[in-house]
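Visitor: Please give me a close look at the surroundings of the ligand, and then follow the chain outward from there. I would like the contacts, the backbone and the exposure of the residues in one connected account.

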Amino acid sequence: MTLVIDSKAKAMKAEGLDVVGFGAGEPDFDTPQHIKDAAIKALNDGFTKYTPSSGIPELRSAIADKFQRENGLTYKPSQVIVSCGGKHSCYNVIMATCEEGDEVIIPAPYWLSYPEMVKLAGATPVIITTTDATEFKVTPSQLRAAITPNTRLFVLTTPSNPTGSVYTPDEIKALGDICVEKGVLIMSDEIYEHLLYDGATHRSVASFSQAHYDHTIIVHGFAKAWSMTGWRLGFLAAPEPIAKAIDAIQSHSTSNPTSFAQKGGVAALTGSQAHLPLWLAEYAKRRTVAWQRLNAMPGVSCVNSKGAFYLFPNISKLGLKSADFCARLLETEKVAAVPGIAFGAEGYLRISYATGLANIEKGLDRMDRFVRSLNG
Ligand SMILES: *Cc1c(COP(=O)(O)O)cnc(C)c1O
């Protein structure tokens with residue numbers, strides 16, 4: 001359904017129709033110049049050959065330093081694997097830890113790829129449903145109830161794609177405690193850790209104790225906070241034996257991420273971060289406008305997200321399945337949004353505000369008109 005809507009929106013755009021897109025899963029800002037310059041220099045210097053499969057030592061060290069500096073976590077460079085995107089990191093983690101007979105607990109709404117990766121590994125996704133009543137956060141009792149002797153991995157994404165919700169440090173610790181007690185590994189997707197609003201904070205589940213650290217694999221990447229989605233550069237940090245297994249998998253599948261992209265990664269982590277407060281201020285403005293506009297639509301309610309660049313309004317009172325809602329919204333008002341069902345959550349939509357304020361105003365004017373036509 002998502003693909004149908006996405007390709008329809010693209011076809012309409014190609015016909016010259018004025019489609020407003022709220023489907024973007026990537027920042028609309030350009031990669032900061034100093035990062036591009038580092039990659040350009042690397043190319044010009046002839047840095048165009050194979051690198052070590054798990055990344056250049058300079059970048060693995062820069063990533064280890066980042067975890068120490070920002071998260072208070074000590075990783076040796078050998079525990080850090082640089083990969084071809086955060087998605088690739090997730091895939092490697094699941095391949096290295098899961099096999100047939102294993103269960104992987106994934107809270108819904110979830111990022112689309114997790115359950116598919118689990119199935120590719122021959123394991124079984126176990127979905128925990130959450131709603132806007134808990135800001136789409138899984139509770140400790142829900143997690144406890146979902147764990148069986150076959151549970152291998154729990155997937156925690158905070159801040160979240162698709163909902164933008166952010167777990168508090170206490171909430172993260174409570175979930176981590178259960179995983180430690182039950183011997184369940186945690187794949188902690190922290191790619192949105194820098195995109196926070198309203199004073200929300202991020203705390204890595206690995207940071208609460210040695211036992212939490214030993215149970216956690218952190219996946220991360222350059223796509224979101226440095227706007228480098230097309231560079232295909234991500235990373236992970238894991239306990240030594242898991243890092244070793246992932247190193248083996250990567251060396252026999254993709255091998256190293258692109259050489260000169262890795263030089264850009266070094267610049268991203270060690271260079272100026274001045275872009276980030278500017279982007280955050282812009283995202284925050286858009287988020288407020290979009291959140292207010294959505295809640296002003298009759299029959300629509302939307303919890304305000306505290307992170308990433310998504311809102312996840314509830315449209316269940318409007319009497320249409322999310323896929324039908326999105327198809328008709330696109331057809332009648334030329335607005336593209338992703339139906340909640342794509343993320344395992346019927347009755348919602350994902351609205352990305354990684355698009356300009358004028359576009360947000362225009363698109364939500366149209367959606368408002370569409371919603372009123374349903375009510376009337
Ligand atoms: C964007 C994203 C990633 C990683 O994306 P890459 O482009 O592969 O780096 C990982 N997890 C979530 C939840 C994301 O939204």
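**The ligand and its surroundings**

Guide: In this predicted model, a nitrogen atom of the ligand lies 2.6 Å from an N or O atom in the side chain of Asp189. On the oxygen side there are two distances to give. One ligand oxygen atom is 2.7 Å from a polar backbone atom of Gly86. An oxygen atom of the ligand is also 2.7 Å from an N or O atom in the side chain of Arg232. Taken alone, the ligand has 380 Å² of accessible area, and the protein covers 94% of it. The place in which the ligand sits is the largest pocket.

There are 13 residues around the ligand, and the ones that come nearest are Gly86, Asp189, Tyr192, Lys224 and Arg232. Sorted by class, the shell consists of five nonpolar, four polar and four charged residues.

Arg232 is a suitable point from which to leave the ligand. This residue belongs to the loop between S7 and S8. Its phi is near 55 degrees, which is a positive value in a residue other than glycine. Arg232 counts as partly exposed because its relative accessibility is 38%, a value between the limits of 20% and 50%. That figure takes only the protein chains as cover, so the ligand does not enter into it.

Gly230 is placed in the loop that runs between strand S7 (216-221) and strand S8 (234-237). Gly230 has a relative accessibility of 64% and therefore counts as exposed, the cut-off being over 50%. From Gly230 to Ala261 the separation is 31 residues in sequence, while their C-alpha atoms are 10.0 Å apart in space.

Further along the chain, helix H9 (residues 240-251) contains Gln250. Gln250 counts as buried because its relative accessibility is 0%, and buried means under 20%. The side chain of Gln250 has a partner: a polar contact of 2.9 Å joins it to the side chain of Asn92.

Asn256 is found in the loop between H9 and helix H10 (259-270). With a relative accessible area of 15%, Asn256 is also under the 20% limit and so is buried. The side chain of Asn256 reaches a backbone atom, the nitrogen of Thr51, at 3.3 Å.

A positive phi also occurs at Lys334, where the value is about 55 degrees although the residue is not a glycine. Lys334 is located in the loop between helix H12 (322-333) and strand S10 (335-336). Its relative accessible area is 25%, so Lys334 is partly exposed.

Helix H13 (residues 357-375) includes Leu357. Leu357 counts as partly exposed because its relative accessibility is 26%. The C-alpha atom of Leu357 is separated by 39 Å from that of Glu58, with the two positions 299 residues apart along the chain.

Two backbone features remain in the loop between S5 and H7. The peptide bond that leads from Thr158 to Pro159 is cis, and its omega is near -10 degrees. Pro159 is in the loop that connects strand S5 (151-157) with helix H7 (169-182). A cis peptide bond is also present from Asn161 to Pro162, here with omega near 25 degrees. Pro162, too, lies in the loop between S5 and H7.

The last residue to visit is Ile81, which is placed in strand S2 (residues 80-83). Ile81 counts as buried because its relative accessibility is 0%. Ile81 and Asp65 are 16 residues apart in sequence, and the distance between their C-alpha atoms is 14 Å.

To return to the ligand: it sits in the largest pocket, and Asp189, Gly86 and Arg232 supply the atoms for the distances given at the start.

Methods:
Residues are numbered from 1 along each chain as its sequence is written. This is a predicted model: local features need pLDDT of at least 70, side-chain atom pairs count only at pLDDT 80 or more; totals for chains, interfaces and linings use all residues. Side-chain values use heavy atoms; hydrogens and water are left out. A residue is near a molecule or strand if one of its heavy atoms lies within 4 Å of it. A polar contact is a pair of N or O atoms within 3.5 Å; within protein, one must be able to donate a hydrogen and the other to accept it, and residues adjacent in sequence count only if both atoms are side-chain atoms. Accessible areas come from the Shrake-Rupley method with a 1.4 Å probe; for residues, only the protein chains shown count as cover. On a 1 Å grid over the protein atoms alone, a cavity is a set of points where a 1.4 Å probe fits but cannot get out, and a pocket is an open set with protein on both sides within 12 Å along at least five of seven lines; lining residues have an atom within 4 Å of a point. A molecule sits in a cavity or pocket if more than half of its atoms lie within 2 Å of its grid points. Ala, Val, Leu, Ile, Met, Phe, Trp, Tyr, Cys and Pro count as nonpolar, Asp, Glu, Lys and Arg as charged, and the others, Gly among them, as polar. Helices (H or I, at least four residues) and strands (E, at least two) are DSSP runs, numbered from the N terminus. Buried means under 20% relative accessible area, exposed over 50%, partly exposed in between (1.4 Å probe, protein chains only).
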